[in-house]
Amino acid sequence: MSLDDGVPELRRITDTQTLRALSHPVRIAIIEILSLGGPLTATEVGEQIGESPTTCSFHLRQLAKYGFVEEAGGGKGRARPWRMTSIGMSLGTTDGDVESEIAHNALSQLIRERTLGRYRTWLETKTSYPKAWQDSANESEYVFYLTAEELHQLNEDVSTMLLARFRERMDDPSRRPAGSVPVEMLVIAYPIGAPSQGNGGAE
């Protein structure tokens, strides 16, 4: 299934086994590197994430087992290039499955820690960027009064808008304008007040 503009939907991950398989910092690092700069060999990946080719080869094979990466063709052994089968993913849980919930939370925490680590690096190094980049980067915080349904729709609207405008640049490097670089945007929306009956609370 695709969005109206032809951009494919993100792969949704909900089963416990796959969530657990992803919950490894090396595997997440490999996915990040291949999403931004693939195809790459195990050696090339290792050089970028600070791991040995042997370690990267093992984790690439595990990611391939779960359908996240595939051989791009050409080369042999550790000289084989690998690429993502699709860019991006959506994490969820299996309804009523406690183990799925635990695995989802562990993976989400791992990913968010890596994201916040990059944010801290930006804060520490942003003065080394041209002023145009410093001025364009943004930090915003908003508080809304929403129902659970409205919060869900807000997240859907934001995701759809971003996918429609820029997702194709992730999949097709030829669509990236000159001077563009990877930009990470973190959107977190959550209630800060306790739900009550008749006001978005659970029945």
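**Exercise 1. Determine which side-chain polar contact joins His104 and Asn105, and place His104 in its surroundings.**

Solution. The side chains of His104 and Asn105 are joined by a polar contact of 3.4 Å. A polar contact is a pair of N or O atoms within 3.5 Å; within protein, one must be able to donate a hydrogen and the other to accept it, and residues adjacent in sequence count only if both atoms are side-chain atoms. The model is predicted: local features need pLDDT of at least 70, side-chain atom pairs count only at pLDDT 80 or more, and totals for chains, interfaces and linings use all residues. Residues are numbered from 1 along each chain as its sequence is written, and side-chain values use heavy atoms, with hydrogens and water left out.

Next, locate the residue: His104 is part of helix 5 (residues 98–125). Helices (H or I, at least four residues) and strands (E, at least two) are DSSP runs, numbered from the N terminus. Then classify it: His104 is buried because its relative accessibility is 16%, where buried means under 20% relative accessible area, exposed over 50%, and partly exposed in between (1.4 Å probe, protein chains only). Finally, list the contacts (heavy atoms within 4.5 Å). Apart from neighbours within four places in sequence, His104 is in contact with Leu19, Leu91, Gly92 and Thr93.

**Exercise 2. Compare the burial of Thr115 with that of Leu123.**

Solution. Both assignments come first: Thr115 lies in helix 5, and Leu123 lies in helix 5 too. Thr115 has 4% relative accessibility and therefore counts as buried. Leu123, at 38%, counts as partly exposed. For Thr115, the contacts beyond four places in sequence are Glu184 and Leu186.

**Exercise 3. Describe Asp97, using its location, accessibility and polar partner.**

Solution. Start with the location: Asp97 sits in the loop between strand 5 (89–91) and helix 5. Its relative accessible area is 29%, so Asp97 is partly exposed. A polar atom of the Asp97 side chain lies 3.0 Å from the backbone nitrogen of Glu99. For a C-alpha to C-alpha distance, take Thr16: it is 81 residues from Asp97 in sequence and 8.5 Å from it in space.

**Exercise 4. Find what the side chain of Arg80 contacts, and how far Arg80 is from Gln153.**

Solution. Arg80 belongs to the loop between strand 3 (69–71) and strand 4 (81–84). Because its relative accessibility is 23%, Arg80 counts as partly exposed. Its side chain makes a polar contact of 2.8 Å with the side chain of Glu71. Setting aside neighbours within four places in sequence, the residues in contact with Arg80 are Leu40, Thr41, Ala42, Glu71, Gly74 and Gly75. Gln153 is 73 residues from Arg80 in sequence and 43 Å away in space, C-alpha to C-alpha.

**Exercise 5. Check the length of helix 2 and state how many of its residues are buried.**

Solution. Helix 2 (residues 25–37) has 13 residues. From first C-alpha to last it reaches 18 Å, close to the 18 Å expected at 1.5 Å a residue; the expected span is 1.5 Å times one less than the number of residues. Of its 13 residues, 10 are buried, and the helix is mostly covered. Among them are Ile28, Ile31 and Glu32.

**Exercise 6. Summarise the fold of the protein as a whole.**

Solution. Count the elements: there are seven helices and five strands. From the N terminus on, they run β-α-α-β-α-α-β-β-β-α-α-α. The C-alpha trace spans about 60 × 45 × 35 Å along its principal axes. Of the 203 residues, 23% are buried.
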